[in-house]
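Q: I am new to this structure and would love a close look at one part of it. Could you walk me through a place where two helices from separate chains meet?

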Amino acid sequence: MSSDDVHDLLDAFRGGADPRETVADSLARLKEVHEALNCTIAFLDDRATAAAADSARRWADGTARPLEGVPFAVKDVIDVEGVPTTGGSWVSSDAPAVRSAEVVRRLESAGAIAISKDATTEFAVGGPNPPRFGATRNPWDPRRWAGGSSMGTAAAVAARAVPFGLGTDVGGSVRLPSAWCGLTGLKPTMGAIPRTGVLPLSWTVETVGPLCRSARDAELLFGLLRGPDGVDPRAGELPPFMPELGDDLRGIRVAVVGGYLTEMCDAAVRAGIDALVASLADAGAEIVEATIPSASEVLAIGYRIVFAEAASVHRVNADRWSEYDPVLVSRISQGIAIPAVDYLLAQQFRVRLQRELDDVFAGADLIVVPTCPSTAPRLPDGTVVVDGEEFPLYAAQSRSTMLGNLTGAPGLALPTGFAPDGLPVSAQLMAPPHGEAVALRAARVFQQQTAHHLAVPSVRKLSDVSSGVSGTTPD
Amino acid sequence: MSLPDIVALAALAERLGYHLDDAQIADVRAAVEAGEPAAARLRADAPLDDGWPMDPAHGDAWLRGR
């Protein structure tokens with residue numbers, strides 16, 4: 001597997017490349033990467049090989065589907081028929097899933113081929129070092145974490161084993177690992193992509209989204225993944241998704257949001273945001289300033305909702321919390337002590353926050369905020385460094401991603417360059433609910449002007465965790 | 001009103017069907033204490049819309065209907 005994105009790979013298939021070779025290469029590469037990074041829980045060789053043979057036939061007889069033969073990774077909280085869904089936990093049954101999650105089914109119906117179930121923090125809410133399968137290392141530097149919670153998917157995509165993968169996002173779990181691994185990751189509008197067949201964590205907050213190598217891939221995949229399935233009660237009818245054409249951003253207003261969201265933010269991350277904003281302005285966007293008055297409350301209130309819901313979800317295993325990652329227990333157990341009235345007040349806070357965001361979007365089409373304050377966390381403790389100062393992981397990581405989870409607005413993480421430590425930095429484009437198309441357009445235009453998303457980690461010494469792994473950015 | 005102490009939190013967890021050890025209950029107590037300022041601000045927020053609380057489902061309708 002090369003540095004191709006999905007579009008490049010489909011072009012190669014149109015030119016005669018054989019999906020059987022691509023899938024075999026992808027599996028071989030993933031196994032090599034896994035040895036170094038610990039990214040994968042199950043390799044789906046038999047399943048993927050059979051699908052690749054069918055894809056080869058379809059390309060030959062002219063019946064190829066939109067993603068025919070494209071391999072992808074699946075976070076192991078998402079069901080794939082015939083394969084256990086472990087959630088990264090000792091507690092899970094190893095019985096195979098009887099049916100694929102709706103998102104997997106849609107991708108496979110479009111011809112894509114699931115090749116792996118990939119590492120997650122335990123049940124997508126535990127710490128960086130899950131007891132059952134361990135930490136996933138970052139392809140850019142194996143002394144760093146790939147991120148949470150969709151860590152295996154992110155590492156596999158960034159290390160060029162697969163061109164894209166599926167993750168879930170409750171407080172940033174698609175966008176944060178995307179940021180830390182140099183990927184383009186989309187948390188869609190709440191309810192845009194059905195969650196059927198995904199292990200629950202926080203019903204009113206969680207989403208499923210793709211981790212990709214380019215905005216054009218995220219656009220393609222979002223179009224295929226979205227829409228109600230008749231089962232997920234939060235995935236209702238949607239307005240049409242119309243990808244926006246054009247190589248410029250004339251007529252687009254971009255709000256730069258300051259205050260709390262950028263107060264704890266490393267200089268390299270801020271420089272990336274500045275470069276993104278300058279690039280969008282060069283492309284014709286009008287830049288405005290905006291504030292979100294309640295932004296400083298978002299993280300604390302968001303965690304109250306998530307942990308209260310997660311404690312309820314995980315009551316099913318209440319007798320087995322001793323087998324859980326202690327970090328997981330320390331996080332969700334606080335949900336037990338949140339009074340119902342406080343929980344419902346927190347839900348009403350979301351309405352207040354949505355109105356504040358409405359006010360911002362009355363004068364802007366997009367907002368730009370950091371995806372996260374720093375480059376990838378250090379292993380094993382998960383601490384992050386912001387302008388030379390060390391912070392605990394959970395004080396930093398979701399400061400500006402939780403905003404999208406609480407309001408339901410979409411957020412797109414995209415790489416904006418590299419920090420002096422050699423690791424990627426990222427910014428987030430947020431749009432009004434169901435405004436993915438404009439965020440994807442802006443990201444696509446940015447990626448036409450820059451090459452950050454094309455940078456490939458140097459994997460020469462991936463297996464040597466004592467040495468840093470540096471990356472290269474194509475000119 | 002004071003925050004629940006460790007004994008009260010342990011009893012609450014047990015009553016709700018969770019079995020946490022002393023260290024875990026201590027973690028819960030620490031988290032409750034750390035979260036209290038944000039919770040207090042939330043309780044002090046002026047109600048939306050003339051004082052009538054919003055049905056939280058309103059948020060979902062906003063997400064779909066905008």
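A: Here is a walk through one helix pair, with a few words on the chain that supplies the second helix.

This is a predicted model, in which local features need pLDDT of at least 70, side-chain atom pairs count only at pLDDT 80 or more, and totals for chains, interfaces and linings use all residues. Residues are numbered from 1 along each chain as its sequence is written, while chains are lettered from A and ligands numbered from 1 in the order in which they are written.

Chain B has three helices and zero strands (DSSP runs numbered from the N terminus: H or I of at least four residues for helices, E of at least two for strands). Of the 66 residues in chain B, 21% are buried, meaning that 20 or more other C-beta atoms, placed from the backbone, lie within 10 Å of a residue's own.

Now to the meeting point. Helix 12 of chain A (residues 340–362) and helix 2 of chain B (residues 22–44) have axes that come within 10 Å and cross at roughly 70°; axes are lines fitted to C-alpha atoms over the stretch in contact, with angles from 0 to 180 degrees between N-to-C directions. That makes the two helices roughly perpendicular, a word used for 65 to 115 degrees.

Which residues make the contact? Helix 12 of chain A brings A:Asp342, A:Leu345, A:Ala346 and A:Phe349, and helix 2 of chain B brings B:Ala39, B:Leu42 and B:Arg43; contact means C-beta atoms, placed from the backbone, within 7 Å. By class, this contact has five nonpolar, no polar and two charged residues (Ala, Val, Leu, Ile, Met, Phe, Trp, Tyr, Cys and Pro count as nonpolar, Asp, Glu, Lys and Arg as charged, and the others, Gly among them, as polar).

Methods:
Parallel < 35°, antiparallel > 145°, perpendicular 65-115°, else oblique. Contact = placed C-beta atoms within 7 Å. Buried ≥ 20, exposed ≤ 12 C-beta atoms within 10 Å, placed from the backbone.
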